[in-house]
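Reader: I'm new to this and would like to go through a protein model with you, one question at a time. Could you keep it plain?

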Amino acid sequence: MTAEYVTPVNEEGTPFEHYWTDEWEKAEATLHKRDGTYYLHVAVKKDVEPDSDSCDEQSENGVVLGVDLNVDGYVAVTSTGAFFGNADSLNHRRNEYERRRGNLQQTGTRSAHLTIKSIGSRFARWSADYLHRISKAIVQEAVKNDCTAIAFENLKHIRKRISNASKFQQWAFKELQRHVEYKAEEYGIAVDDVNPAYTSQRCSHSECGFTHEDNRDGDDFECLKCGKQLHSDYNAARNIGWRLIQHWLKSGAGRATSQLALKSGTLNANGRFRPTELLG
């Protein structure tokens with residue numbers, strides 16, 4: 001199906017007034033359905049010169065890239081505002097494979113058994129390639145932004161969070177992180193994980209940090225205290241990266257000093273952001 005994307009007749013006071021211009025480059029977009037209504041989330045970007053107050057304080061400690069993993073919507077969202085993969089597509093392919101396998105198992109013939117092995121091998125190759133491409137994109141995002149570390153959610157906590165979801169998602173997250181680890185090693189980039197508790201509910205705005213379950217509504221995050229609005233997965237990715245920095249600072253890790261920064265469009269360890277803009 002093809003649908004025309006219609007912008008408001010009067011764009012005054014809307015995101016289109018500021019971002020739907022030639023000044024901003026349109027990037028990746030995804031279509032989401034929530035409560036019977038469709039939403040198109042469009043990422044827009046442009047190069048900006050930071051003020052002196054918000055420049056990264058570069059040091060041998062480098063910067064951290066936070067990554068949020070999801071069972072729906074985007075597979076991975078980074079603290080730089082990059083969106084990778086389509087979890088809904090991944091789930092659809094998995095469900096189609098399971099449906100076909102189930103039908104063939106009921107048939108019970110030798111031909112059906114051979115077909116099951118064949119489609120299983122095809123799906124395994126497809127999913128491995130899909131995760132390979134996403135992991136490569138994550139590592140390249142870290143390289144492009146001069147990051148020395150990548151932060152993920154702890155997989156044990158992910159398993160608890162999606163305990164009612166398909167075990168395939170748990171396997172996919174584990175494989176994705178494994179791919180990122182060995183690819184990142186080639187560039188000397190460390191990979192670590194953090195407890196993701198409340199990262200989706202906490203405001204990642206450096207001067208706020210207010211945490212409340214009502215801050216998030218699906219893909220939308222709006223802080224009830226400071227009013228900061230972000231894509232919810234982007235907000236979580238910023239919190240994941242910042243949590244790793246906090247962990248290193250508190251644990252006294254040798255790599256962590258006040259100069260350690262989060263590549264979150266960017267967030268310095270002094271708590272100042274240079275934002276990446278996302279249009280929803």
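Reader: Is Glu175 buried or exposed?

Author: First, a note on the source: this is a predicted model, where local features need pLDDT of at least 70, side-chain atom pairs count only at pLDDT 80 or more, and totals for chains, interfaces and linings use all residues. Residues are numbered from 1 along each chain as its sequence is written, and side-chain values use heavy atoms, with hydrogens and water left out. The labels work like this: buried means under 20% relative accessible area, exposed over 50%, and partly exposed in between (1.4 Å probe, protein chains only). Glu175 has a relative accessible area of 18%, so the label is buried.

Reader: Which residue does Glu175 meet in a salt bridge?

Author: A salt bridge here is a side-chain nitrogen of Lys or Arg within 4 Å of a carboxyl oxygen of Asp or Glu. Both partners lie in helix α5 (residues 167-185), 3 residues apart, about one turn of the helix; helices (H or I, at least four residues) and strands (E, at least two) are DSSP runs, numbered from the N terminus. The partner counts as partly exposed at 40% relative accessibility. With 2.9 Å from N to O, the side chain that Glu175 meets is that of Arg178.

Reader: How far apart are the closest N and O atoms of Lys144 and Glu141?

Author: Lys144 and Glu141 both belong to helix α3, 3 residues apart, about one turn of the helix. Lys144 is exposed, with a relative accessible area of 57%, while Glu141 counts as buried at 9%. They form a salt bridge, and the closest N and O atoms are 3.3 Å apart.

Reader: Which residue forms a salt bridge with Asp129?

Author: Look in helix α3 (residues 110-144) again, where the two partners sit 4 residues apart, about one turn of the helix. Asp129 is partly exposed, at 36% relative accessibility, and the partner is partly exposed too, with a relative accessible area of 44%. By the salt-bridge rule, the count comes to 5. In this one the closest N and O atoms are 2.9 Å apart, and the partner of Asp129 is Arg133.

Reader: How do α2 and α3 lie, roughly parallel or roughly antiparallel?

Author: Two packed helices are described by the angle between their axes and the distance between the axes. Axes are lines fitted to C-alpha atoms, for helices over the stretch in contact, and angles run from 0 to 180 degrees between N-to-C directions. Helix α2 (residues 87-107) and α3 pack at about 170 degrees, with their axes 9 Å apart. Since angles under 35 degrees count as roughly parallel, over 145 as roughly antiparallel, 65 to 115 as roughly perpendicular and the rest as oblique, α2 and α3 are therefore roughly antiparallel.

Reader: How many residues in the contact of α2 with α3 are nonpolar?

Author: Contact means heavy atoms within 4.5 Å. The residues involved include Leu90 and Tyr97 of α2 and Ile116 and Trp126 of α3. Ala, Val, Leu, Ile, Met, Phe, Trp, Tyr, Cys and Pro count as nonpolar, Asp, Glu, Lys and Arg as charged, and the others, Gly among them, as polar. That splits the contact into 4 polar, 5 charged and, for your question, 9 nonpolar.

Reader: What is the phi of Asp146?

Author: Most residues other than glycine have a negative phi. Asp146 sits in the loop between α3 and β6 (149-153) and counts as exposed, at 54% relative accessibility. Although Asp146 is not a glycine, its phi is positive, about 55 degrees.

Reader: How many residues of β6 are buried?

Author: Ala149, Ala151 and Glu153 point one way from β6, while Ile150 and Phe152 point the other way. Strand β6 is largely enclosed by the rest of the structure, because the buried residues number 5 of the 5.

Reader: Which residue in β7 is the bridge partner of Phe152?

Author: Two strands pair if DSSP finds at least two bridges between them. Strands β6 and β7 run parallel and are joined by 5 bridges. On the β7 side, the partner of Phe152 is Asp193.
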